[in-house]
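Student: Hi! I would like to learn how the labels people put on a structure follow from its numbers. Could we go through some together?

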Amino acid sequence: MPRWFSILLMGVAAVAFLALPELLGPFWLRIATGALMWAGLACSWNVIGGYAGYIDFGHSAFFGIGAYATAILMGEAFGWSFVATIPIGLAAAAGVAAIIGGPTLKLRGAYFAIATWAFAEMLLQLANVLDITGGTGGLSLPPFLDERFFYYAMLAAAAATYGLTWLIFERSRFGLKVKALRDHEPAAEAMGINTSMVKLQTFSLSAAMAALFGSLFAYWVTFINPGSVLGGDITDQMVVMVLLGGLGSFWGPALGGLGLFLVNRVFWLNWGDTTAYIAVLGIAIVAVVLFLPDGIVGLFRRSNRQGSSLLAGFFRRRRRISAP
Amino acid sequence: MTAAPASPDGEMRPELGARTRAELGPVILEIRNVEMRFGGIRAVDKVTLDIRRGEIVGLIGPNGSGKSTLFNVISGYSTATGGEVHFAGAEITSWKPHRTARRGLARTFQIPALFDNMTVLENLLAAAAQDGWRGARERAAEVMGTLRIEHVSDHRAADLSGGQQKLVEFGRVMMRPASLVLLDEVTAGVHLDIRKIILDTIAALRKTGITFVLIEHDMELVRSVCDRIVVMDAGQVITIGTFEEIARNSEVMQAYLGRRA
Amino acid sequence: MALLLQTLLNGMLIGGVIASFSIGFQLTFGVLHVIDFAVGGWVVLGGYLAYWMTSRLGVDGFLALPVAFVVLGGIGYLIGPIIYRVRNSRTARPELMALALTFGLFTLLRGGALTFWGFNTRSVPTALGGESLSLGPVTVPLLRVVVFAFAVAIATALFLMLHRTRYGLAIRATAENRHVAGYMGVDVERLSARVYGLYAGVTGMAGVLMAAIYSVNPEVGLRYTLFAFFVAVLGGLGSVTGAIVAALLFGMIEAVTATYVGSSYSHLMIFATLYLVLLLSPRGILQRGL
């Protein structure tokens with residue numbers, strides 16, 4: 001689409017986002033805030049999973065690190081202000097990612113997925129037994145019940161996350177390096193790209209992004225426990241959102257994030273419990289893999305490929321024998 | 001030219017091939033007693049070789065003779081289990097691939113190694129992302145022009161035909177400020193027109209002082225392009241010389257046709 | 001001393017149980033080249049099937065064993081081809097897509113179980129109920145001995161099939177090289193479907209027994225998946241013998257940590273060990289993995 005049109009669209013969207021609190025009641029405003037958070041989380045996962053191609057099944061660990069950093073530092077022992085805790089959360093998450101990333105990113109594909117999953121579960125168990133995290137009982141934060149503040153804070157965080165992602169991964173030479181190592185790591189090395197370093201930096205960035213939303217989440221809901229911020233469900237949602245929207249695309253995480261979150265809320269509103277939603281999530285993943293492997297974004301992309309879905313492949317296979 | 005016997009240690013002879021000694025530059029790649037062992041197998045067995053600036057060297061031999069492994073050792077994907085490699089004044093034996101690449105080495109791979117999900121233009125730009133980013137777009141346009149692939153600049157690399165993919169791989173090599181280029185069967189299975197483009201480009205680049213080592217199976221190509229030919233078999237260099245010298249060498253024939261009394 | 005013996009024995013028995021469904025998991029990886037996230041789901045489904053049969057039909061838990069094998073095996077046989085096709089499709093990143101597919105399957109099974117049966121833990125009564133066996137200083141619940149025997153029987157049966165029958169040869173050939181096996185006349189897709197069905201059935205049976213010992217609730221599915229991963233990675237992905245060794249080791253770690261340190265730390269130990277093994281020796285402690 002023409003450049004001026006995109007800019008116009010952006011402008012309209014910006015105005016809409018900024019004006020939203022005026023138009024919505026507190027209930028829907030909370031939902032909007034949640035949607036922004038998940039869109040941001042999806043973006044953070046897409047950075048390591050989509051752009052770098054490393055499937056991180058333990059990303060909730062970083063969300064939790066941010067949440068706990070804020071919760072602990074705002075607690076009685078330290079008494080910090082909310083804003084002061086954010087850089088600590090970012091640094092902690094980025095630091096942890098940098099430390100474990102070195103050896104972990106050497107693993108390929110499924111092994112990396114399992115390793116990150118194991119790491120996140122480890123953190124969850126750790127949070128369950130440590131005193132400083134409040135154990136299974138969790139931690140409370142000083143209540144601050146200004147919905148507008150949190151909406152704008154989440155909006156700012158999401159805008160910053162997407163803005164940074166755009167600049168780094170879609171418009172800079174670093175982004176080319178990351179995508180190169182995703183598509184063919186040895187060839188990227190042959191171009192002089194230090195893939196280990198690039199991977200580490202990308203992983204740290206994605207961790208910091210998730211931690212940002214973790215910090216905000218903790219302050220927003222005023223109470224956290226290991227299950228609510230370190231649980232596997234959080235990672236599951238992130239992954240599904242990105243797959244649904246389009247792995248490795250820029251808008252995919254936003255589309256998938258918004259879309260799935262709204263589905264989640266509709267479920268919750270109409271049917272109360274969320275267990276059926278989990279089943280729906282499962283069906284959604286299966287459907288995306290079978291019919292929409294490029295996500296929603298893939299529907300809009302006109303590519304030269306002859307249809308990448310399983311169904312298209314199924315029909316083609318009947319006509320020829322595939323070669324090894 | 002008199003046919004002096006070629007010795008496997010890479011000693012230069014004045015009457016060597018297409019270039020006289022005076023025209024060739026200093027040695028830029030030294031391979032000394034390099035050995036590459038995988039368990040009990042010696043894929044590269046005590047290879048010693050010198051490559052001079054501006055040469056086009058052909059590396060031939062039957063499948064499994066260690067040619068690609070030698071490339072991997074030179075470019076850093078495998079670390080030699082014995083011996084040393086020196087390139088551009090540094091000992092690069094244990095260097096990782098990206099470090100060797102930054103020193104001025106470029107290579108292609110036997111199996112196409114394109115960035116599938118990126119466009120042709122992005123593939124070329126990615127090659128310049130580390131070194132040579134300034135002016136990369138202009139250079140990419142030039143490269144695409146030379147290789148006649150401007151019309152697919154926006155296409156996904158995975159969607160191209162085999163021949164076009166080879167061109168893009170070659171184009172990526174052209175994008176890099178390299179002094180030594182290793183090409184692994186770069187013209188295998190491509191259309192004659194495309195092959196001509198590639199060979200013309202190699203010749204042009206050589207004039208600017210870039211050195212090439214080519215792994216090839218096509219003897220016609222080797223004869224027409226290479227100054228010197230290194231013949232490998234079972235991990236060892238069995239002889240080095242001009243095409244005519246090699247063709248007359250019975251050892252080479254045995255290597256290719258199997259052991260015969 | 002008696003405590004140590006008892007702990008080790010407990011560990012061995014637990015290990016045997018874990019081995020019973022890890023073996024199938026390894027086989028699936030070897031043949032379909034897919035890490036089946038849904039393994040815990042099959043276990044739980046088997047458990048719930050047993051619960052349904054004992055509570056609605058009033059039969060003994062052991063009767064659920066053959067039923068679980070048939071029902072879950074059948075479902076697995078139907079799903080197998082889909083997984084196979086995704087894994088071998090021409091789309092971008094088939095390995096990732098297959099992983100996502102089994103993950104989706106697992107989520108579906110978990111969500112379904114939660115919806116139908118809720119969060120409550122259900123128990124499965126069997127004839128052996130609470131009876132124990134005394135062997136000198138140690139006591140051993142009879143049920144666990146039976147489960148251990150079951151695991152041994154399964155492992156033996158699978159081993160014999162794999163190494164002594166022609167069909168087993170076909171399976172091993174396919175795991176080795178899918179394409180060559182195809183040239184030799186093996187219907188790789190059908191075989192993959194059968195292997196997956198067999199695996200689902202056996203795992204379902206293990207689920208019945210797990211439910212008899214530990215009771216069943218939807219959340220343990222994730223734990224079992226993790227255990228299978230742990231055993232698979234420790235023993236080397238794809239290696240059946242590795243899985244057996246690793247399962248026993250797992251049982252020991254779990255039992256020793258629970259007894260001497262505290263049960264809340266046992267999971268932490270498991271995950272930490274898994275993580276360390278992946279970093280230091282991703283092909284497993286016996287280096288037999290792929």
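Tutor: Gladly! Let's start with a cut-off: a residue is buried if 20 or more other C-beta atoms lie within 10 Å of its own, exposed if 12 or fewer, and partly exposed in between. Please keep in mind that this is a predicted model.

Student: What makes B:Lys46 count as partly exposed?

Tutor: B:Lys46 has 15 C-beta neighbours inside 10 Å. A residue is partly exposed when its count falls between 12 and 20, so B:Lys46 counts as partly exposed. You will find B:Lys46 in strand S2 (residues 41-52) of chain B.

Student: How do you know that A:Thr222 is buried, exposed or partly exposed?

Tutor: Count again: 14 other C-beta atoms lie within 10 Å of A:Thr222, so A:Thr222 is partly exposed by the cut-offs of 12 and 20. A:Thr222 sits in the loop between H9 and strand S2 (223-224) of chain A.

Student: What makes the phi of A:Thr222 worth pointing out?

Tutor: Most residues other than glycine have a negative phi. A:Thr222 is not a glycine, yet its phi is positive, about 60 degrees. B:Lys46 is another residue other than glycine with a positive phi, near 50 degrees.

Student: What comes just before A:Thr222?

Tutor: A:Thr222 comes just after H9(A). That helix covers residues 195-221 of chain A, which is 27 residues.

Student: Why is H9(A) called mostly covered?

Tutor: Of the 27 residues in H9(A), 23 are buried. Each of those has 20 or more other C-beta atoms within 10 Å, so "mostly covered" fits H9(A).

Student: How do you know that the span of helix H13 of chain A agrees with what is expected?

Tutor: H13 (residues 275-291) has 17 residues, which should span 24 Å at 1.5 Å a residue. The end C-alpha atoms of H13 are 24 Å apart, so the two values agree. H9(A) passes a similar check: 39 Å from its first C-alpha to its last, close to the 39 Å expected.

Student: Which residues of H13(A) are buried, and what covers them?

Tutor: Among them are A:Tyr277, A:Leu281 and A:Val288. The cover includes helix H11 (232-245), helix H12 (252-271) and helix H14 (295-300) of chain A, together with helix H3 (64-87) and helix H4 (94-117) of chain C.

Student: How many residues of chain A are in contact with chain C?

Tutor: 37 residues of chain A are in contact with 38 residues of chain C. H5(A) gives the largest share of the chain A side, 14 residues. By class, that side has 26 nonpolar, nine polar and two charged residues.

Student: What makes up the side of chain B that touches chain A?

Tutor: There, 26 residues of chain B are in contact with 19 residues of chain A. The chain B side divides into 13 nonpolar, five polar and eight charged residues.

Student: Why do we say that strand S4 (residues 82-87) and strand S5 (residues 90-91) of chain B pair?

Tutor: Strands pair if at least two bridges are found between them. S4(B) and S5(B) have two bridges, so they pair, in the antiparallel sense. B:Phe87 stands opposite B:Ala90 in S5(B). The hairpin of these strands has two residues between them, and B:Ala88 takes a positive phi near 50 degrees there.

Student: How many bridges join strand S1 (residues 27-38) of chain B to S4(B)?

Tutor: Five bridges, again in the antiparallel sense. Along S4(B), B:Val85 stands opposite B:Ile31.

Methods: Residues are numbered from 1 along each chain as its sequence is written. Chains are lettered from A and ligands numbered from 1 in the order in which they are written. This is a predicted model: local features need pLDDT of at least 70, side-chain atom pairs count only at pLDDT 80 or more; totals for chains, interfaces and linings use all residues. Helices (H or I, at least four residues) and strands (E, at least two) are DSSP runs, numbered from the N terminus. The expected span of a helix is 1.5 Å times one less than its number of residues. Two residues are in contact if their C-beta atoms, placed from the backbone, lie within 7 Å. Ala, Val, Leu, Ile, Met, Phe, Trp, Tyr, Cys and Pro count as nonpolar, Asp, Glu, Lys and Arg as charged, and the others, Gly among them, as polar.
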